[in-house]
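Me: I'm new to this one and keep tripping over the vocabulary. Could you show it to me and let me ask how each label is earned?

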Amino acid sequence: MLISAVMLFVNPSREVLAETLLAAGPDSPTLCEGWRTRHLASHLYLRERRPDVGLGIVLKPLSGIADRATNKRADRAEGAVDYEQLVADFRSGPGKFSPMRMPSIETSMHLVEYFIHTEDVRRAVDRWAPRALDPEYSEALWNELIKRAGLLYRHADVGVVLVRSDGPRHVARRGATSVAIKGDPGELLMHAHGRTCHSLVTFEGQPDAVALMNSATGQADD
């Protein structure tokens, strides 16, 4: 799928995420450990406006900078008015001269980020249901997933094959014994990014192999 085609989904995804954050309010739970919605909104805003924070997200030695900045900004958004302004600032997008405005970066960094964090808010409550996604949007999420699947499953002790509900599959990690993880693209994306207990997927493989894979990804044994 061309970058120009994928970018059609970036701004709508940003809008959906902003509306989800607003509906939840500043102090709702998320699937991000230790974060309320105001922390998540702060993270989203700062990663596009503060290069040092953006580096701290991906480089562990600089993670303290990102954590401190996120917590400080979140503390200023405890009230409804300040929180709504923070979400509005995120909704307005990266600054005019931000590298985040480059099409290739928007596609690779934003599309997946916005989908997962929308679900981090939606699925942090007791009752939730998956969204019905546009087929082209699902295809775009799938294409982004298979680009990074090898990295995301690098710690698995078995081979991993991602299998879409409608048939296509991708070998994320080769191994003597493999496990197939089956689901819709959005659910596979959630599982691959560590939301293992909040993804609607099924597994096929030898029980021992499934147990090994689940132990590597943090999946609870039910």
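Reply: Sure, starting with a word we'll need a lot: buried means under 20% relative accessible area, exposed means over 50%, and partly exposed is in between (1.4 Å probe, protein chains only). This is a predicted model, where local features need pLDDT of at least 70, side-chain atom pairs count only at pLDDT 80 or more, and totals for chains, interfaces and linings use all residues. Residues are numbered from 1 along each chain as its sequence is written, and side-chain values use heavy atoms, with hydrogens and water left out.

Me: What makes α9 mostly covered?

Reply: Eight of its eight residues are buried. They are Pro185, Gly186, Glu187, Leu188, Leu189, Met190, His191 and Ala192. The label α9 comes from DSSP runs numbered from the N terminus (helices are H or I, at least four residues; strands are E, at least two). Just after α9, glycine 194 takes a positive phi of about 90°.

Me: Why is glutamate 187 called buried?

Reply: Its relative accessibility is 7%, and the cut-off is under 20%, so the label fits.

Me: What makes arginine 123 and glutamate 187 a salt bridge?

Reply: The term asks for a side-chain nitrogen of Lys or Arg within 4 Å of a carboxyl oxygen of Asp or Glu. Here the N to O distance is 2.8 Å, so the pair qualifies. Arginine 123 lies in the loop between α7 and α8 and glutamate 187 in helix α9, so the pair ties together parts that are 64 residues apart in sequence. Arginine 123 is buried too, at 2% relative accessible area.

Me: How do you know that lysine 147 is exposed while glutamate 144 is buried?

Reply: Lysine 147 has 61% relative accessibility, so it counts as exposed. Glutamate 144 has a relative accessible area of 2%, so it counts as buried. The two still form a salt bridge, with the closest N and O atoms 3.0 Å apart. Both lie in helix α8, three residues apart, about one turn of the helix.

Me: How many salt bridges does the structure hold?

Reply: There are 19. One of them joins glutamate 113 and arginine 47 at 3.5 Å, N to O, and both of those residues are buried.

Me: And what is in contact with leucine 21, apart from its neighbours within four places in sequence?

Reply: Contact means heavy atoms within 4.5 Å. The partners of leucine 21 include Thr37, Leu40, Tyr83 and Val121.
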